[in-house]
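Student: I would like to learn how to read a sheet and a pair of chain copies from a model. Could you take me through one, step by step?

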2 protein chains.
Amino acid sequence: MALIVQKYGGTSVANPERIKKVAERVARFHSEGHQVVVVVSAMSGETDRLIKLAREIQAQPEPRELDVMISTGEQVTIGMLSMALIARGVPAKSYTGGQVRILTDESHTKARILEIDEKRMRADLDSGKVVVVAGFQGTTEHGDITTLGRGGSDTTGVALAAALKADECQIYTDVDGVYTTDPRVVPEARRLETITFEEMLEMASLGSKVLQIRSVEFAGKYKVKLRVLSSFEDNNNGTLITFEEKSKMEQPIISGIAFNRDEAKLSLLGVPDRPGIAYAILEPVGSAQVDVDMIIQNIGVDGSTDFSFTVHRNDYQKTLDLLNNTIKPSTGAREVRGDNKICKVSLVGVGMRSHAGVASKMFKTLSEEGINIQMISTSEIKISVVLDEKYMELAVRALHKAFNLDSAMPPAKG
Amino acid sequence: MALIVQKYGGTSVANPERIKKVAERVARFHSEGHQVVVVVSAMSGETDRLIKLAREIQAQPEPRELDVMISTGEQVTIGMLSMALIARGVPAKSYTGGQVRILTDESHTKARILEIDEKRMRADLDSGKVVVVAGFQGTTEHGDITTLGRGGSDTTGVALAAALKADECQIYTDVDGVYTTDPRVVPEARRLETITFEEMLEMASLGSKVLQIRSVEFAGKYKVKLRVLSSFEDNNNGTLITFEEKSKMEQPIISGIAFNRDEAKLSLLGVPDRPGIAYAILEPVGSAQVDVDMIIQNIGVDGSTDFSFTVHRNDYQKTLDLLNNTIKPSTGAREVRGDNKICKVSLVGVGMRSHAGVASKMFKTLSEEGINIQMISTSEIKISVVLDEKYMELAVRALHKAFNLDSAMPPAKG
């Protein structure tokens with residue numbers, strides 16, 4: 001008998017029929033003798049509907065009141081799923097975030113979980129009930145409703161698993177696991193049986209949109225066994241996210257390839273090469289609420305250097321204006337350049353720590369395809385390159401093949 | 001400076017535009033220096049939408065979980081109205097029933113309010129905020145969400161007014177007050193400036209669907225000054241419901257005429273006239289969950305009597321079967337008769353206490369129109385007659401004129 005936390009996203013609970021399907025799976029685990037806590041999102045489209053309603057009242061909705069509104073989406077789902085379980089003869093009880101006392105800080109619309117009181121859930125589980133909890137939401141110590149930000153239901157799932165010391169946290173979604181890369185780009189992409197937390201973090205932040213990154217960090221911190229599964233098929237075990245590294249012998253060099261087109265590149269050329277220059281450039285950017293991803297500064301020559309960074313593509317024009325109007329004059333730089341037709345491709349794998357030559361093999365593969373590399377950034381378990389966006393699919397496919405990630409058989413339909 | 005509780009129903013908050021209109025009125029009271037607590041219903045149609053969703057899961061939805069779902073309707077509205085107020089520069093804060101601790105019993109979907117903790121509201125009011133509270137809902141002492149039944153938002157409004165000792169509880173609705181009778185039937189119907197609680201109770205239970213009857217009882221019990229107003233126009237003061245009787249001099253004999261077609265009539269003829277016979281007839285009816293309205297038993301002749309009562313028309317067949325199959329044999333009655341093509345017309349007025357001849361004037365008026373009276377029932381401030389349903393409009397119009405209720409001018413558009 002295990003204690004399992006299952007989380008179902010918006011598409012898995014999109015309508016009454018799908019909610020009944022979820023109840024069917026939960027009932028199966030329950031009948032096998034497991035204790036089950038289920039975390040659910042709002043029915044897909046519901047959160048957007050509520051945000052739209054709020055914006056019709058106030059262009060920038062008051063965060064406290066927005067949380068009051070949008071938290072209702074998950075509240076409807078918990079009622080429906082509990083009913084569906086009860087209708088199947090499975091005793092079940094629903095709780096809002098506030099009722100199960102998921103205590104958060106007061107940062108409305110992006111609150112952080114501080115503490116969970118698991119006593120009420122534990123009592124229900126011990127009396128044979130399935131516990132159904134609204135994801136995405138919590139309460140401040142004053143009883144105000146908070147939400148955890150988009151994708152926060154994953155975080156709720158992992159946090160409950162940590163608080164209850166669950167044997168496993170299962171995240172049900174519309175894909176059946178984490179793949180070596182996006183199967184829509186590389187048909188030979190393989191589902192990974194396991195992936196390490198560090199790799200998952202790099203994959204998630206790089207655009208493999210399977211799990212919310214904060215939930216992965218949370219799982220790593222509290223050593224929660226996290227598994228990604230499909231809520232639409234039951235024929236495999238998904239991908240288990242582990243926090244132990246496998247022995248070097250079994251370790252593939254590269255676990256996966258992440259990529260995205262969401263970024264834009266900006267460069268400041270001929271910047272005086274003096275201490276504090278990076279701060280002088282990036283402080284105004286940060287103050288303008290622009291998040292910076294890659295940052296590259298090469299060694300200076302003749303007292304001046306070139307400085308480049310990437311931002312989200314939506315922030316491109318704003319950042320370009322900031323560089324031209326403020327930062328160029330203040331730093332005495334010679335020239336500003338920008339490009340929003342780029343992509344980023346990254347190799348991820350804990351195995352590259354112990355294998356030399358991964359970078360040079362990557363660069364050779366791209367060169368053989370005639371692809372010019374514009375920027376390079378490396379970490380312990382990741383190498384990222386910025387390319388012209390038109391080469392993205394070509395680069396991903398070539399690298400997937402070069403690093404032996406192609407499967408013998410085509411992957412299961414996601 | 002007064003403390004006012006305002007309650008707005010579903011049609012008054014049906015969409016963002018109307019919610020902004022409500023905010024406009026609330027802001028006006030606030031700017032005049034009043035302390036305002038606003039109670040809102042769900043946007044019209046929302047509660048029905050949620051009930052329909054629940055029924056797609058479970059034909060008879062689990063009451064606890066149904067309350068979790070349907071309470072979200074009001075929760076969305078409080079967020080929206082608070083935003084609309086804040087957008088106008090009026091400080092405002094929303095509360096669910098649970099947050100403001102409207103403590104109820106555990107009767108899900110029809111809970112009764114036990115207690116309200118007004119401290120949090122009081123602190124907000126004293127700091128200049130408008131307090132926006134979700135109607136229709138509360139919490140059990142264990143923190144479970146409850147709802148008060150259809151129309152429960154009126155009850156929330158009155159209960160908050162009682163707890164806060166408010167100067168007035170204003171119920172905004174789609175009519176601008178209580179009329180002498182339904183203006184759709186009698187175009188000359190007049191809006192009443194005041195009506196007594198007792199009259200209002202009789203009017204409400206007889207089908208003048210302006211206020212939920214439970215809220216009127218509540219207001220009477222706690223001496224809350226209750227006013228019904230239109231949320232769509234501001235050109236009159238609606239109808240004030242008072243608990244002091246006016247002096248006899250100003251007292252009109254009849255305040256209004258209520259009527260409905262919702263009932264059916266059943267008679268048991270030739271019942272042995274012995275002690276306990278009424279109980280023997282009505283106990284099985286009550287056990288079958290059928291509510292009885294009028295009950296009439298005439299004096300017995302030759303050891304037998306006739307017994308008649310009315311029930312809701314939906315319960316007609318069920319009750320008829322019960323009389324034929326169970327009650328007739330058990331009481332030894334001679335015959336069962338039923339009729340579901342009836343209507344009930346009632347004169348209501350505290351003034352009739354001190355005026356003889358109201359009943360005879362009523363019967364004379366009906367007789368002059370050629371209308372046969374099937375049943376008569378009287379109380380201190382009400383005379384009800386049961387008629388063939390086809391005479392309903394004719395009877396109401398004739399009585400409205402006979403008792404001088406017609407206004408010189410047509411009533412304001414509701």
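Student: How many bridges join S13(B) to S18(B), and do these strands run parallel or antiparallel?

Tutor: Bear in mind that we are reading a predicted model. As a general idea, strands of a sheet pair through backbone hydrogen bonds, in either a parallel or an antiparallel manner. Here, S13(B) and S18(B) run antiparallel and are joined by 5 bridges, and within this part of the model Gly256(B) stands opposite Val348(B) of S18(B).

Student: Which strands form the open sheet of chain B, and in what order?

Tutor: The open sheet is formed by 4 strands in the order S13-S18-S20-S19 of chain B, with antiparallel pairing. Its edge strands are S13 (256-260) and S19 of chain B, each of which pairs on one side only. Direction ignored, neighbouring strands of this sheet are turned against each other by 15 degrees on average.

Student: Which helix packs on this sheet, and which strands does that helix touch?

Tutor: Helix H11 of chain B, residues 358-368, packs on the sheet and touches S18, S19 and S20 of chain B, while the direction of the helix makes about 20 degrees with that of S20(B).

Student: How many residues of strand S20 of chain B are buried?

Tutor: In general, the side chains of a regular strand alternate between the two faces of the sheet. For strand S20 of chain B, which spans residues 382-388, 6 of the 7 residues are buried, and the strand is thus mostly covered.

Student: How many bridges join S18(B) and S19(B), respectively, to S20(B)?

Tutor: Strand S18 of chain B, residues 342-348, is joined to S20(B) by 7 bridges in an antiparallel arrangement, and one pair to look for is Lys344(B) with its bridge partner Val386(B) in S20(B). Strand S19 of chain B, residues 375-379, is joined to S20(B) by 5 bridges, again antiparallel, with Val385(B) in S20(B) as the bridge partner of Ile376(B). The connection from S19(B) to S20(B) is a hairpin through 2 residues.

Student: Turning to the two copies, what turn and shift lay chain A on chain B?

Tutor: A turn of 179 degrees with a shift of 0.1 Å along the axis lays chain A on chain B with an RMSD of 0.4 Å. That is the relation of a two-fold axis. In chain A, the C-alpha nearest the axis belongs to Thr72(A), at 2.9 Å from the axis.

Student: Why can one say that the copies meet through the same surface?

Tutor: Because 100% of the interface residues of chain A are also interface residues in chain B, the copies meet through the same surface.

How values were computed: Residues are numbered from 1 along each chain as its sequence is written. Chains are lettered from A and ligands numbered from 1 in the order in which they are written. This is a predicted model: local features need pLDDT of at least 70, side-chain atom pairs count only at pLDDT 80 or more; totals for chains, interfaces and linings use all residues. Copies are superposed by least squares on the C-alpha atoms of residues with pLDDT of at least 70 in both. Two residues are in contact if their C-beta atoms, placed from the backbone, lie within 7 Å. A residue is buried if 20 or more other C-beta atoms lie within 10 Å of its own, exposed if 12 or fewer, and partly exposed in between; C-beta atoms are placed from the backbone. Two strands pair if DSSP finds at least two bridges between them. Axes are lines fitted to C-alpha atoms, for helices over the stretch in contact, and angles run from 0 to 180 degrees between N-to-C directions.
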